[in-house]
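Work through these exercises with the structure open beside you. Try each task before you read its solution.

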Amino acid sequence: MKLLEINNIKKSFDDLEVLKDISISVEEGEVVSILGPSGSGKSTLLRCATMLETMDAGSLMYCGESAVSDVDGKAVYAPKDNLKRIQNYFGLVFQNFNLFPHYTVLKNIIDAPVHIQKRDKKEVTKEAMELLSQMGIEDKADYYPCQLSGGQQQRVAIARALAMKPKILFFDEPTSALDPELTSEILKVLRLLASRKMTMVIVTHEIEFARNVSDRVIFMDEGYIVEQGRPADVIDNPANDRVRAFLAKVKG
C-alpha cells in the first residue's frame, strides 16, 4: 500500500527555485534515504511533504487521502479539517530536537497524544514509558531536556513522534547536530525501527547507514531527483556523474 504520494512538487523562495518537479511515492514498511549536497532541496522537500512549507505546485496524498491537489499548475490545499486528520498519518523528527524546554521528558511525549488526539492520559503515559524503555532512557522520564545529552534528546524526540502512532516517520538529518558517538546511538534506534518495518523517509549524510538500512536511496541535486534505486546501485554503482562526484568526495 502506498502511504505517501508526491507528484510534481515545485517550490520557490522568491526567485530561487528550490524544488523542480519532484515526484516520490513510499510504500508501507519501506525505508527511503534521501542523499545529496547542501542546498539540493532535501529539507525543503520534507517540509513540503509535512506541510511546514506551502508548495507552489504539485499534489500530495497520504494513505489515499488528498492533502494537496494540483489545479491548473497551482497547489490547492484541502480544507483545514481534512488536513488536521491527514497530519496524524505522519511524524517528523528534526535535527535540533525541538523539545519543549519547560516540559519534562514524559510531558514532552504525552502532551500531543493527550491534547491533540484526545487519547486517555493513563494509556498514553504507559505507552510513553514503553517507548522510553525501547530508547534506553526510561530512567529519564522526569528529567528536563537541558539535563540530557544531545543523543538522549534526539531519542526523546523520536519517542515523541512515535507516541502519535504515525504511519510514516520523516527524519531531517537526525544526526547532524551530534558527535560521532551520539550519532551511532541514533542510527541504532533507526535500525531498530527499520527492523520493525516502520515506514521512514530519512534525509541523511550517513552514507553507510543509508546503504545498510534503506530499501531505496534517492539522490537529489539542485532541486531535482537525479538518481534513485536500490542502495547497492545508487551508492556502489551510480550511473550519474554528479552522484559519482558527490560520493567520491564524501567517502574521501
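## Exercise 1: Asp-21 and Asp-72

Asp-21 lies in strand S2 (residues 16–27); strands are DSSP runs of E with at least two residues, helices are runs of H or I with at least four, and both are numbered from the N terminus. The model is predicted: local features need pLDDT of at least 70, side-chain atom pairs count only at pLDDT 80 or more, and totals for chains, interfaces and linings use all residues. Residues are numbered from 1 along each chain as its sequence is written, and side-chain values use heavy atoms, with hydrogens and water left out.

**Task.** Find the phi of Asp-21 and of Asp-72, and decide how exposed Asp-21 and Asp-72 are.

**Solution.**

Step 1. Recall the background: most residues other than glycine have a negative phi.

Step 2. Look at Asp-21. Its phi is positive, about 65°, though Asp-21 is not a glycine.

Step 3. Classify by relative accessible area: buried is under 20%, exposed is over 50%, and partly exposed is in between (1.4 Å probe, protein chains only). Asp-21 has 41% relative accessibility, so it counts as partly exposed.

Step 4. Move to Asp-72. This residue sits in the loop between strand S5 (65–71) and strand S6 (74–77). Its phi is also positive, near 55°, and it is not a glycine.

Step 5. Classify Asp-72. Its relative accessible area is 76%, so Asp-72 is exposed.

## Exercise 2: The whole chain

**Task.** Describe the chain by its elements, its radius of gyration and its buried share.

**Solution.**

Step 1. Count the elements. The chain has nine helices and eleven strands.

Step 2. Test the radius of gyration, which is taken over C-alpha atoms; the globule rule is 2.2 Å times the number of residues to the power 0.38. For 252 residues, a compact globule would come near 18 Å, and the chain has 18 Å, so the two agree.

Step 3. Add the box. Along the principal axes, the C-alpha atoms fill roughly 50 × 45 × 35 Å.

Step 4. Check burial. Of the 252 residues, 54% are buried.

Step 5. Check contacts, meaning heavy atoms within 4.5 Å. Take the contacts between residues at least 6 apart in sequence: 63% of them join residues at least 24 apart.

## Exercise 3: Helices H1 and H3

**Task.** How many residues of helix H1 are buried, and how many of helix H3?

**Solution.**

Step 1. Start with H1 (residues 42–49). Six of its eight residues are buried, so H1 is largely enclosed by the rest of the structure. They are Lys-42, Thr-44, Leu-45, Leu-46, Cys-48 and Ala-49.

Step 2. Go just past the end of H1. There Met-51 takes a positive phi of about 65°.

Step 3. Turn to H3 (residues 105–115). Eight of its eleven residues are buried, and the helix is mostly covered. Among them are Val-105, Asn-108 and Asp-111.

Step 4. Find the packing partners. The buried residues of H3 pack against helix H4 (121–134) and helix H5 (150–163).

Step 5. Inspect Ala-112, which is in H3. At 21% relative accessibility, Ala-112 is partly exposed. Leaving out residues up to four places away in sequence, Ala-112 touches Gln-117 and Met-164. Ala-112 and Ala-161 are 49 residues apart in sequence, and their C-alpha atoms are 9.4 Å apart.

## Exercise 4: Salt bridges

**Task.** Which residues pair with Arg-119, Asp-139 and Arg-155 in salt bridges?

**Solution.**

Step 1. Recall the idea: side chains of opposite charge can pair when their charged atoms come close.

Step 2. Apply the rule: a side-chain nitrogen of Lys or Arg lies within 4 Å of a carboxyl oxygen of Asp or Glu. The count is 16 salt bridges.

Step 3. Take Arg-119. Its side chain meets that of Glu-127, with 2.6 Å from N to O. Arg-119 is buried, at 17% relative accessible area. A network of salt bridges links Arg-119, Glu-127 and Lys-165.

Step 4. Take Asp-139. Its partner is Lys-140, with the closest N and O atoms 3.9 Å apart. Asp-139 is exposed at 51%, whereas Lys-140 is buried at 15%.

Step 5. Take Arg-155. Its partner is Glu-185, and the closest N and O atoms are 2.7 Å apart. This pair links distant parts of the chain: Arg-155 is in helix H5 and Glu-185 in helix H6 (residues 180–195), 30 residues apart. Arg-155 is buried at 11%, while Glu-185 is partly exposed at 25%.
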